[in-house]
Every structure is written in structure tokens, then in C-alpha cells.
Amino acid sequence: MKKKSISRQYYLFIATTLFVASCSKNSKGVNDQDLTDLRLVGVQSQPIIENDTILNVTYENGLFNSGITGVTSTKATASDAAYMVNLAENGSTNAIAHKIVFGDQGYYSDDAYRSESDAVAIKNARFFPGDERRYEFSVLLKDWTPWVSGPTYETNVFQLKVSGNSTTGSGVPLQFRTARNTMRLRYEGSSSIKNIISDLRPYVNQWMHFRVDVLWTDGPTGYMRTYMKLPGQNDYILVDEKTNYRTFAGNVTIGNIGYIKWGVYGTQTGLTRIAYHDNIRIIKLPLQSTH
């Protein structure tokens, strides 16, 4: 890939911006549309720990970046767009809460009502074709207003995303979204949807756990397997699988970068959405392994 030249002044500006963002509660992070050259200027790779664990965001120290340089909290400006919560029922002490309020510009960022964290600035937390990864997260839908009638409004709570936009041939390989009273997987392409929880209402205000194993490919040779563990379940259960599948929704030759986001994104008129997230992990898997 032919890389763009970057001046010393531009490098210093971006590096300073990323440092300030990682230390701020309302971190502005990095705009999704401006990630082409992050591999040149991003935060240095974090050490791989716990055998093959690349990223482990536990929030146990009570910090919005969990003490990991490069993890952001939110781009929304409202004082409670992101905040810490103290919990014991998830087997840990702290978790992060993200909040959006429809109609309030304090919860509006990146052209939508959203408050999301990401790890795009951490080099080895990104993904590219050829990588095989496991992604885990726990989420609690706090006082989630049930759907009654009318259009289907979806709220995103976790994304495996590729930087750029439709004009650059990139997209979102996988999103976990609530729609009416269901939890669904939305793959690249709006017609590719799988409902994995038919009725969320019994699980509101309880922790749900999810796992996704992926072989990232830019051709029809990858896989994506999604598992979940609901309250009362002891083990993860496979809920959807795609094989012989193009998983990387982008083009690395023009600088598209894969990364994770978690929080809340999108809601309907009059609603407030709050989601807690905890134990966000990325684990390196061996190529062509079976799970």
C-alpha cells in the first residue's frame, strides 16, 4: 500500500490530540471518517497479556479508559454521556455507562444521537484481513423502555466496524442492535439480519454476555460465529454462524481500518437510552482453528 506522506507538524498535532483524548472523560477520540493513516500516527501497540489477550477493558480502576491509553469514552459533550457505575452482580466492581437522550444535542456526535467508546487508537486492537480474533463484551440495558407500537427503531450497543464510509467501500461487518423488543445481529448490508433474542424484556437490568469469533478476510473464505450467555445460563451458546464469507467490509489498500466500538447509538423521539458495558476483550486466535 502506498502511504501518504505526513509532515512532522501534522504528526505532532495528531499524537497530541490522541493523548489528550485518552485522558479526558468526554474524549473526542478520532472521527470515523478520518482514519486512513492511523496506522502511521496511532498509539503504540499494547503488550499482549494473558496468553493471547490483546485488549482487556475491565474498568476495575474506575477510569474511563480502564487505564489503557487509546481507549476513549465518548465524543458526546453531555456531562453524563458516559459515567462510571459501581456494580457487584457482574463479578466486578465497576462498569461504564453510556447515555443518549433524543433531541438533546449534548448526546449528538458523528451525525447521530450516540455515545460510544472505541479502541481504534490501539494498533494491535485493530483488525485486518488475515487476523483471527475473539471479541467478548457484557452489556446491561438499564431501564430499557419497551417497544409498544409504530416503526422499528434500532439502538446499537456494540460494533465491529471498518473506518470510512460507503464511498470508500467500507462498512460495518457486525452490529448488535435492539429492534422493537428483540436483540438482533445486523451484518454488512441491511438485508442481512438475524434476531438472536426474541424478547428482551425479561433481561432488562440484567447482564448479558456475548462472544464473536471471526476470521477476517477480504474474500469468501472467512467465518463469523456469535455466541451468547443469558442470565441463568452457565455456558455460551452458538446463536449464529456464517462460513465461507467475506468478513472484512473494506479495502486496506486505501487505508480502511477495522476496530471495535461499544456504547449506545440511535434511538427514537422521546426516548432516553442507557447501557452499561463491562469486560470488553479481544483475544488472538490461531488461524484456521475450530472453536
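What share of the 291 residues in the chain is buried? In this predicted model, the figure comes out at 55%. The accessible surface adds up to about 12800 Å², and carbon and sulfur atoms hold 49% of that. As for how the chain is built, there are two helices and 15 strands to find. Contacts tell a bit more about the fold: taking those with a separation of 6 or more, 69% are between residues 24 or more positions apart.

Next come the aromatic rings. Searching the whole structure turns up twelve aromatic pairs. One of them brings together F102 and Y113, with 4.9 Å from centre to centre and 35° between the planes, which makes the pair tilted. F102 sits in the loop between β3 (94-101) and β4 (108-109), while Y113 belongs to strand β5 (residues 112-118), so the pair ties together parts that are eleven residues apart in sequence. Is each partner buried or partly exposed? F102 has a relative accessible area of 31% and is partly exposed. Y113, on the other hand, is at 14% relative accessibility and counts as buried, because the cut-off for buried is under 20%. Elsewhere, an aromatic cluster is made up of F127, Y135, W216 and F248.

Charged side chains join in with the rings as well. The charged end of K242 is found over the ring of Y245, at 5.2 Å from the centre. Y265 has R177 lying over its face, and here the distance from the ring centre is 5.7 Å.

Technical notes:
Residues numbered from 1 in each chain as written. Predicted model: local features only at pLDDT ≥ 70, side-chain atom pairs only at ≥ 80, totals over all residues. Heavy atoms only, no water. Helix = DSSP H or I, 4+ residues; strand = E, 2+ residues; numbered from the N terminus. Buried < 20%, exposed > 50% of the residue type's maximum accessible area, 1.4 Å probe, protein only. Contact = heavy atoms within 4.5 Å. Areas by Shrake-Rupley, 256 points an atom, 1.4 Å probe, with all protein chains shown as cover. Phe/Tyr/Trp six-rings, centres within 6.5 Å; stacked < 30°, edge-to-face > 60°. Lys NZ or Arg CZ within 6 Å of the ring centre and 35° of its normal.
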